[in-house]
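Thanks for coming, everyone. I'll keep this short. Please have the model open while I talk.

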Amino acid sequence: MSTKLPERAKAGAPAKPHQMPRRESADRKQVTQGRWASILLVPTLILLAVVIIYPVVNAIVMSFQRDAGLNPATGFFEQGGPAGFENYTHWLFQQCNGQSCPPGTLGSQFWNAMSTTFFFTVVTVALETVLGFWMAIIMARSFRGRSAVRAAVLVPWAIPTAVTAKLWFFIFAFDGIANKLFGTQILWTGSEWPAKWAVVISDTWKTTPFMALLILAGLQLIPDEVYEAAKVDGATAWQRFTQITLPLVRPALMVAILFRTLDALRMFDLPYIMTQGANNTTTLSILVVDQIREGFNSAAALSTITFIVIFLVAFIFVRFLGANAVGAATSSGRK
Amino acid sequence: MAATATLPRTAPAPARRKGFDWGQLRTYVSAAVILIWCLIPAYWMIVTAFRDTAFTFDSTFWPTHVTWDNFATVFDESLGNHFGRNLINSLIVAGATTAVALIVGVFAAYALARLNFRFKFAVMGFILGASMFPGVALVTPLFQLFTNIGWMGSYQAMIIPDISFTLPLTVYTLTSFFREMPWELEESARIDGCTQGQAFRKIILPLAAPATFTTAILAFIGAWNEFLIASQLSSDATRPVTVAIAYFAGAQPHQEPYTAVMAAGTIVTIPLVILVLVFQRKIVAGLTAGAVK
């Protein structure tokens with residue numbers, strides 16, 4: 001990295017005293033920087049192309065191929081071949097061999113998995129936003145032991161999700177501590193709603209800290225003077241919250257919600273380990289993984305659908321809700 | 001919300017009248033609630049890890065029936081547990097992933113933070129989009145590809161897809177760290193007579209090292225905690241800890257070995273928690289880098 005700096009310095013420095021050659025030199029500087037930038041960026045972009053774009057293109061190609069298997073019409077084993085949109089209609093309209101998929105097959109679970117995924121996403125992100133905001137406000141105050149609290153919230157974040165799943169599976173066991181504490185006798189992972197709430201609670205525990213820290217970072221950018229001025233003007237605590245804190249923290253909040261939403265839409269580890277997707281806790285990701293061993297090509301179609309769903313949600317966030325993650329990341333200059 | 005929505009980030013509001021500061025008390029109670037919520041489940045894992053299997057569901061808050069047996073079960077090869085090997089596998093996969101992401105990503109981050117060029121916005125958008133990419137969309141095509149070329153169950157079968165999320169994370173985090181660095185210092189050092197190499201070695205490297213190290217920790221934790229890809233593409237020989245914990249075998253067949261699983265979870269978690277607590281400030285800065293500002 002040490003070799004590229006003199007170039008820049010040479011291009012920029014001597015131009016300063018004169019007026020005339022300055023623009024020309026600035027252009028040259030721009031060109032030099034552009035060349036350096038492409039050299040530096042190429043390895044990353046190539047690597048990402050290999051690990052992401054190649055598999056995705058591959059998946060899309062696969063999704064238009066028929067899975068090898070027995071043809072119910074002829075009874076012979078067939079080697080696939082082009083399928084058109086068959087794999088997509090299989091999932092979207094739950095069609096198996098021209099009729100609706102029988103209950104219990106993976107094909108019949110698509111819309112359930114879709115609604116489960118969105119249920120988890122909406123409920124966990126909403127809970128995490130409210131709880132995270134509250135935690136951030138507390139952590140932003142100054143009190144003795146504040147750094148201990150800030151350290152403690154990192155503990156759930158650092159624990160691997162697989163371990164979190166096993167931990168809460170144990171907490172929610174029939175003889176487990178949750179039932180004892182609340183005096184209930186619920187088979188948490190044994191029926192639909194308790195299982196869903198068990199997943200929601202575990203996910204909330206695991207990821208609220210991330211949300212809280214992002215919001216806290218946003219809160220810390222609000223200058224104290226703004227609050228002082230509002231106080232002088234007689235604003236109540238609630239007014240200060242709704243008129244100052246919320247609008248000023250909004251950019252950071254929106255980015256945090258965007259990150260968490262996209263993360264929740266691909267939720268896999270928690271329900272997969274806690275319930276194996278039983279009792280209607282199968283998310284889209286779990287359905288894809290279940291399908292892989294039944295047939296690559298329709299799994300590829302399903303993973304493409306999942307990808308498109310996530311992409312659309314991200315698009316809506318960025319386009320209509322003003323979650324400007326890229327802008328936040330590229331804005332130049334220090335704060 | 002309303003009750004807690006008082007001034008964020010101000011010193012304890014000077015008590016209006018002499019007497020008890022209720023606002024401050026509320027802050028402490030809230031802080032205690034946060035501490036309990038975050039730490040008690042983790043504490044419960046550790047307490048259970050040290051509990052005799054016969055008393056798995058003992059609900060005493062403090063440690064009772066303390067034993068090391070569960071940790072022995074975790075490493076007991078006769079039960080089919082190969083936790084030592086799993087730990088090494090996790091180290092190899094997470095270590096290699098982090099190394100590749102860092103070596104490649106540091107150059108991209110430098111360019112994004114320091115240089116002006118066209119398509120900067122587009123490149124950043126692509127990298128951010130890549131970090132949000134769902135793992136399942138990779139697993140299906142890679143499952144087939146790796147089966148065809150005989151890479152199924154190899155280390156690279158996990159390292160390659162893991163790069164898809166660690167590399168964008170690395171570039172993203174490093175870019176915001178680099179943008180905050182006082183690069184003018186390098187020029188000053190040159191003016192003061194340092195050579196290019198000296199300026200880099202004495203000024204830039206010490207400044208960039210903590211940022212790079214923090215980013216490495218974040219990438220490592222991400223790869224260490226990965227489950228989906230590893231659960232599909234690893235074999236018995238290369239299985240990392242996260243997958244091993246999910247399919248753990250206990251002393252009694254057909255019985256969930258809760259205490260042993262908690263012991264395994266404790267082993268996996270403790271190093272991460274220590275790492276995170278030691279570098280707390282840096283990690284929080286890294287996590288939130290780029291999301292604000």
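Start at Thr173(B), which sits in helix 6 of chain B, residues 155-180. Bear in mind that this is a predicted model. Is Thr173(B) buried or exposed? Its relative accessibility is 3%, and buried means under 20%, so Thr173(B) counts as buried. What does Thr173(B) touch, leaving out residues up to four places away in sequence? The list is Thr215(B), Leu218(B), Gly286(B) and Ala289(B).

Take Gly286(B) from that list and move to helix 12 of chain B, residues 280-288. Gly286(B) is one of the buried residues there. The others are Gln280(B), Ile283(B), Val284(B), Leu287(B) and Thr288(B). What covers them? Both chains contribute. From chain A, the cover includes helix 5 (146-152), helix 6 (154-158) and helix 9 (192-219). From chain B, it includes helix 6, helix 8 (196-224) and helix 11.

Now, helix 11 of chain B again, this time against chain A. Two packed helices are described by the angle between their axes and the distance between the axes. Here the partners are helix 7 of chain A, residues 161-171, and helix 11 of chain B, residues 258-278. Their axes come within 10 Å and cross at roughly 145 degrees. The crossing is left-handed. On the chain A side, the residues are Val163(A), Lys166(A), Leu167(A), Phe169(A) and Phe170(A). They meet Tyr258(B), Val261(B), Met262(B), Gly265(B) and Thr269(B). By class, that contact has seven nonpolar, two polar and one charged residues.

Next, the cavities. How many reach 30 Å³ or more? The count is six. The largest has a volume of about 1200 Å³. It is lined by 42 residues, and the closest to its centre are Arg260(A), Asp263(A), Arg266(A), Phe165(B) and Gly222(B). The lining divides into 25 nonpolar, ten polar and seven charged residues.

The second largest cavity holds about 60 Å³ of space. Its lining includes Ser90(B), Met158(B), Asp162(B), Trp224(B) and Glu226(B). Which elements give two or more residues to that lining? They are helix 3 (83-114), helix 6 and helix 8 of chain B. Helix 3 of chain B gives the most, with three residues. By class, the lining has seven nonpolar, one polar and two charged residues.

One last look back. Helix 6 of chain B holds Thr173(B), helps cover helix 12 of chain B, and gives residues to the lining of the second largest cavity. Over to you for questions.

Note on methods: Residues numbered from 1 in each chain as written. Chains lettered and ligands numbered in written order. Predicted model: local features only at pLDDT ≥ 70, side-chain atom pairs only at ≥ 80, totals over all residues. Heavy atoms only, no water. Axes fitted to C-alpha atoms, helices over the stretch in contact; angles between N-to-C directions. Helix = DSSP H or I, 4+ residues; strand = E, 2+ residues; numbered from the N terminus. Left-handed = near helix turned anticlockwise from the far one by under 90°. Contact = heavy atoms within 4.5 Å. Nonpolar A, V, L, I, M, F, W, Y, C, P; charged D, E, K, R; others polar. Buried < 20%, exposed > 50% of the residue type's maximum accessible area, 1.4 Å probe, protein only. 1 Å grid on protein atoms, 1.4 Å probe; cavity = no way out; pocket = protein on both sides within 12 Å on 5 of 7 lines; lining within 4 Å. Points joined across faces, edges and corners; volume = space filled by probe spheres on them.
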